[in-house]
Amino acid sequence: MIQLLFALLAAEAALALSLLFRTPARRLALLAVDRAKRGRGLVMGKTVAGTMLLVLASSGYSIGKIRCRADELGQLTLTDQVLVSRHLLEASLMGIGANTQESVTMGHRLRQHDQAIGLII
């Protein structure tokens, strides 16, 4: 799952960069985001975001359970340390991915607004 989250983060970063600069790729990126926001794309996006939020909450809960177990024992075992670090990595990647996706959405909305009032051709 961590490899999937890294790939998702790289794709979102590339999309955000293509929306930032005036290149031929920006027009293609805008068309792709426009098509993704039509029809069932919006429902699918909200479903994926909800699933990521649920997995993020599950990671947080697992970290909390491991920390409570560490309080009872007095210290974390090596296995618990590995599990906590893996859960923290997953949670941080999901949080960064959600933040990047929000940045892409905001950039897309600003471009649409600027095109609507005639600032961008």
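This is a short talk about the salt bridges, the largest pocket and a surface patch in the structure above.

Okay, hi everyone. One thing up front: what you're looking at is a predicted model. Keep that in mind as we go.

Let's start with the charged pairs. How many salt bridges does the count come to? Two. I'll take them in turn.

One is between aspartate 80 and arginine 69, whose side chains meet with an N to O distance of 2.9 Å. Aspartate 80 sits in helix α4 and arginine 69 in helix α3, so this pair ties together parts that are 11 residues apart in sequence. Now, is aspartate 80 buried or exposed? Its relative accessibility is 7%, so it counts as buried, because the cut-off for buried is under 20%. Arginine 69, on the other side of the bridge, is partly exposed, at 37% relative accessible area.

The other salt bridge joins glutamate 90 to arginine 86, and here the closest N and O atoms are 2.7 Å apart. Both of these residues belong to helix α4, with their positions four residues apart in the numbering, or about one turn of the helix. If you look at the accessibility, glutamate 90 is buried, with a relative accessible area of 6%, while arginine 86 is partly exposed at 41%. So here's the picture for the two acids: aspartate 80 is buried, and glutamate 90 is buried.

Right, on to the pocket. The largest pocket has a volume of about 930 Å³. It's lined by 30 residues, and the ones closest to its centre are Lys37, Gly45, Lys46, Gln101 and Thr105. Where does the lining come from? Helices α1, α2, α3 and α4 each put in at least two residues. For orientation, α2 runs over 24-36, α3 over 41-73 and α4 over 78-116. Which helix gives the largest share of the lining? That's α4, with 11 residues. As for chemistry, the lining splits into 16 nonpolar residues, eight polar and six charged.

Last stop, the surface. Leu17, Leu20 and Phe21 make a nonpolar surface patch of about 330 Å². Take leucine 17 from that group: you'll find it in helix α1, which covers residues 2-20. Leucine 17 is partly exposed, with 49% relative accessible area, so it clears the 30% that a residue has to exceed to be part of a patch.

That's what I have. Happy to pull up any of these residues on the screen.

Technical notes: Residues are numbered from 1 along each chain as its sequence is written. This is a predicted model: local features need pLDDT of at least 70, side-chain atom pairs count only at pLDDT 80 or more; totals for chains, interfaces and linings use all residues. Side-chain values use heavy atoms; hydrogens and water are left out. Patches are made of residues with over 30% relative accessible area and no salt bridge: like charges are joined within 9 Å, nonpolar side chains (Val, Leu, Ile, Met, Phe, Trp, Tyr) within 5 Å. Accessible areas come from the Shrake-Rupley method with a 1.4 Å probe; for residues, only the protein chains shown count as cover. A salt bridge is a side-chain nitrogen of Lys or Arg within 4 Å of a carboxyl oxygen of Asp or Glu. Buried means under 20% relative accessible area, exposed over 50%, partly exposed in between (1.4 Å probe, protein chains only). On a 1 Å grid over the protein atoms alone, a cavity is a set of points where a 1.4 Å probe fits but cannot get out, and a pocket is an open set with protein on both sides within 12 Å along at least five of seven lines; lining residues have an atom within 4 Å of a point. Grid points are joined across faces, edges and corners, and a volume is the space filled by probe spheres set on the points. Ala, Val, Leu, Ile, Met, Phe, Trp, Tyr, Cys and Pro count as nonpolar, Asp, Glu, Lys and Arg as charged, and the others, Gly among them, as polar.
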